[in-house]
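This report walks through selected features of one structure, for a reader who meets it here without earlier acquaintance. Please look over the sequence and the structure before reading on.

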Amino acid sequence: MTAIETTDLTKRYGSTTAVAGLDLAVPEGVVYGFLGPNGAGKTTTMRMLTSLTRPSNGSARVAGVPVDDRERLIERVGYLPEEPPLYTELTAREQLTYVAGLRGLPEEATRQRIDELLDRLDLTEDADRRIDAYSKGMRQKTAFVQSLLHDPDVLLLDEPTSGLDPRAARTIREMIDDLTDAGTTVLLSTHILPVVDEHADTVGVLYDGRLVAEGPPGDLKRQADTGAGDGAGGADERTLEDVFLEVTSEDPAADEATVEGVTDAR
Amino acid sequence: MPASGWGRQGLAIGRLEFRRTVRALRGDSARLALIGVVAVLFGLMVLAGTWLILEFGNQIPAGDVSNVVRGSVAIQWLFAVFISAQRAGSRHHSIDQESLMLLTVPVRAVALGLLSAECFRALAYFAVPVALLGGAFVVSTGSPLMAPFLVAAVLLFLATALVIGFVLGLLAKLLVARYRVVAENKSVFSLLAVVVFVGGYVGLQNFGGQGVTALLGWLPFSWVVDLAVIGSPFAGSLPRAAAMLVGGVAWTAGGLLVVERLGVALWFGDTVEDAVAAEQARIDTGAAADPLAAAVAPVPLPAIGQPAHRIAQRSVVVARRNPQRLSFLVLPVVLLGVSLVNVAQTGVGSILALLPPLVVVALPWLAGAVFGLNPLGDEGAALPATLTSLASGRDYAVGLALPGLTLGLPVAVLATVATGLAGPYAPLEVAMLGVIALVLTPAAVVIAPALGMAFPRYDPVRVGSDREIVPPSLSAVVLYSLTLGVPGTVAAAATLAPAGTRGFLSLFVGVLLALPFGFLAGQGVGPAREIATWLGQVGAEIAAVPVQTVRWAGYVLPLAVVCLLAIWAFGAVTRRFRGHTLD
């Protein structure tokens, strides 16, 4: 079954088009790496998929629920925006208890789950300190726990490892793998391309509001135009960064270089 | 870097800081509107003063400058010192982009930048009024020679006050940075300083008498008067004027050096504040089975369904731990208090008589405003999490209303009844006032979020140097005050003074409302005459309504309107919450 499905999804702000006719089909239980330069429309897309922004045109379903049906949708999705959605006056434990309460989760089981997740992310020591005394990484970890507290079917993560130290970043990546193993679909937006390379089953590159390339990371690297077949290097030597730079280049010559054979959405 | 450039650099920093202040103000429509209102009122007073001086200034009998006059100036100088110290201690104790500045220019330039920026800000507010009033005085007394001395006196008044204010403010900040006990109790110390100064200032202004004022005339800073009147028909003391001129310049220069030394100690020294903040950030609720409920205690929030209960708990905890977010309430409360004292002092009524009708409107107003006047803005970064939670619109409306209702309703009703019983009112009137509080408070806690969500504000403003808050929009505050205040006031007035209310309503409709139509009729607009006549008749009819009818109709109708508004507001919050997007 398809976890995320969009058809001609479009968002316009006045005369500016943030997302232009996006067609996505993300199957269940995978990590979908959502790439694109700053301002490409990734956050807007995520907001539309979580019902926080209304599409100007087109349609989208997440976990089988249309995005205009917020009541049903929010039971099935978790969302970690780029800025951690936290009340800085609360402690992490109070914040998580609060959000669990808003989601009507059973108290005793939730308490255990909060303790486990805090422990896994090395936050137990600081769980009773006010969030306004937290570092960026600690806030990020708290918000990450918050986003998956209700065990969502689809998890949308906007730069989840931003501000994290290497150990915490690794833990988050491992947790993402665990989630997908358990059947959760993860839409992962990040600028840290090796993370996507390692963990994503499929990568979609958004540029200027359009999906310009899509496919498994290995296929994208293998079939990228630049240097392919000239003996200069194969997929093993080429990186996702090369692909990204290629498909998001404004250079007309490079623009013609396409990631053939995969899904070139341009 | 040549040290001789610090003056130029300091003034450049001051200009830039001032320009940033202006730009920030341009982007803050609410603050701009507030300043506009004050500027219009203050401007009218200045214009009236200018006209009076121009008309009658030459009739002021010439004479010697007395110590009472000097003392009055000294009181204003002390006030300027306090404001300057308060601003320096809380907000301008360091420059923005401190590391950039301190690695680019000498510390003295940064110190001068801070001082000159504050000087420019003060001049932006006061230069025109002072120029108008001073210019009028120069013209009316025919003493052009006075002008340069007047300008020098004003600048010295400002500079000497600013410099000592900054020294005191930075010193206070340094004590907070160095001493744990001061850092741990800085709010208490700040409050004490404000209470002591404001108490002293109000005492001096109202109860000091001429003897104490004259005593303050011996403060050297009051001698700016002697400098200001040189060349005018008034005779000051020339030695004092000279001492002020020389001493003021030396004081300012010396003060700059002290600000620089304090700056070095503050900006390059260690601080205990971070350690204290980290300790104070640790909250002792983690061991509790329900940490959020433990954090709310001892506030007795009634147990209701979980999402609504959690929203109520969060509102209480956030308000308690970040009381600065309620600072927008200070101005209306102070204005109300000052109006009350003024009314009582002018003899319109005693405080005991005025308190009950004031309390019956003000406390429900507060109950709604504290927790619900900008709910979406109060969410801050957490708004996406709340919107994508399972809380329904009804949960959200109930959760927002619950704290104000739980805390506000008993206080509003009890305070209304207590002040009513202490005032000159009959038991029936006190009971009727109690019912008004009973109706207004529940209405307030749903009307406030409805208007706050209709006119949300998301832009934060800075309170002090390190915390940002998001106050409600001016539109929400004004509409909320009118929606609650007008019916509440009418109901209270009809209860306590039905005859007076009838007279006021009659005058309002028959005269005030009819006035513009009468004017239009005078200009030949035909239908306006009929409307003016009709309004006059309605006014006359109101005047003929029996007092008892006014009392009961004036009581029941506004309360009924408030109830209907509350029902609408509850539905509006419910709908808006579920339909809200981040577009």
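A nonpolar core is a set of buried Ala, Val, Leu, Ile, Met, Phe, Trp, Tyr and Cys residues joined through C-beta atoms within 7 Å. What follows concerns a predicted model, and in that model the largest nonpolar core has 151 residues, among which A:Leu187, A:Leu188, B:Ile436, B:Val446, B:Ile447 and B:Val573 touch the most other members. Helix α20 of chain B, residues 427–454, gives the largest share of this core, namely 16 residues. A second core, separate from this one, is made of 51 residues, including B:Trp77, B:Ala88, B:Leu170 and B:Ala241. In soluble globular proteins, nonpolar side chains tend to be buried together.

Once neighbours within four places in sequence are left aside, B:Val573 is in contact with B:Gly393, B:Tyr396, B:Ala397, B:Val446, B:Pro449, B:Ala450 and B:Met453. B:Val446 is also a contact of B:Ala401, which, with neighbours within four places in sequence again left aside, is in contact with B:Val445 as well. B:Ala401 belongs to helix α19 of chain B, residues 393–422, and it counts as buried because 31 other C-beta atoms lie within 10 Å, where 20 or more are needed. The C-alpha atom of B:Ala401 is separated by 15 Å from that of B:Gln306, a residue 95 places away along the chain.

Chain A contains an open sheet of 6 strands with mixed pairing, arranged in the order β6-β7-β8-β3-β9-β10. At its edges stand β6 (77–80) and β10 (210–215) of chain A, each with a single partner strand, so one side of each has no neighbour in the sheet. From one strand to the next, the twist averages 15 degrees. Within this sheet, strands β7 (residues 154–158) and β8 (residues 185–189) of chain A run parallel and are joined by 5 bridges, and A:Thr185 in β8(A) is the bridge partner of A:Val154. Helix α6 of chain A, residues 166–181, packs on the sheet, where it touches β3, β7 and β8 of chain A, and its direction makes about 145 degrees with that of β8(A). Helix α1 of chain A, residues 42–49, lies across β3, β6, β7, β8 and β9 of chain A and runs at about 150 degrees to β7(A).

For chain B, the domain assignment gives domain 1 (3–273) and domain 2 (299–488), and the C-alpha centres of these two domains of chain B lie 36 Å apart. Their contact takes 6 residues from domain 1 of chain B and 5 residues from domain 2 of chain B. On the side of domain 1 of chain B that touches domain 2 of chain B, the residues divide into 2 nonpolar, 2 polar and 2 charged.

Some backbone angles also deserve a look. Most residues other than glycine have a negative phi, and most peptide bonds are trans. The table lists two residues with positive phi and one cis peptide bond.

| Item | Angle | Place |
|---|---|---|
| A:Asp8 | phi about 55 degrees | strand β1 (residues 2–13) of chain A |
| A:Glu159 | phi near 50 degrees | loop between β7 and α6 of chain A |
| B:Ala297 and B:Pro298, cis peptide bond | omega about 5 degrees | B:Pro298 in the loop between α13 (291–296) and α14 (306–321) of chain B |

A:Asp8 is partly exposed, with 13 other C-beta atoms within 10 Å, and A:Glu159, with 19 C-beta neighbours inside 10 Å, likewise counts as partly exposed.

Terms used. Residues numbered from 1 in each chain as written. Chains lettered and ligands numbered in written order. Predicted model: local features only at pLDDT ≥ 70, side-chain atom pairs only at ≥ 80, totals over all residues. Pairing = 2+ DSSP bridges. Helix = DSSP H or I, 4+ residues; strand = E, 2+ residues; numbered from the N terminus. Axes fitted to C-alpha atoms, helices over the stretch in contact; angles between N-to-C directions. Contact = placed C-beta atoms within 7 Å. Domains from an automatic or database assignment. Nonpolar A, V, L, I, M, F, W, Y, C, P; charged D, E, K, R; others polar. Buried ≥ 20, exposed ≤ 12 C-beta atoms within 10 Å, placed from the backbone.
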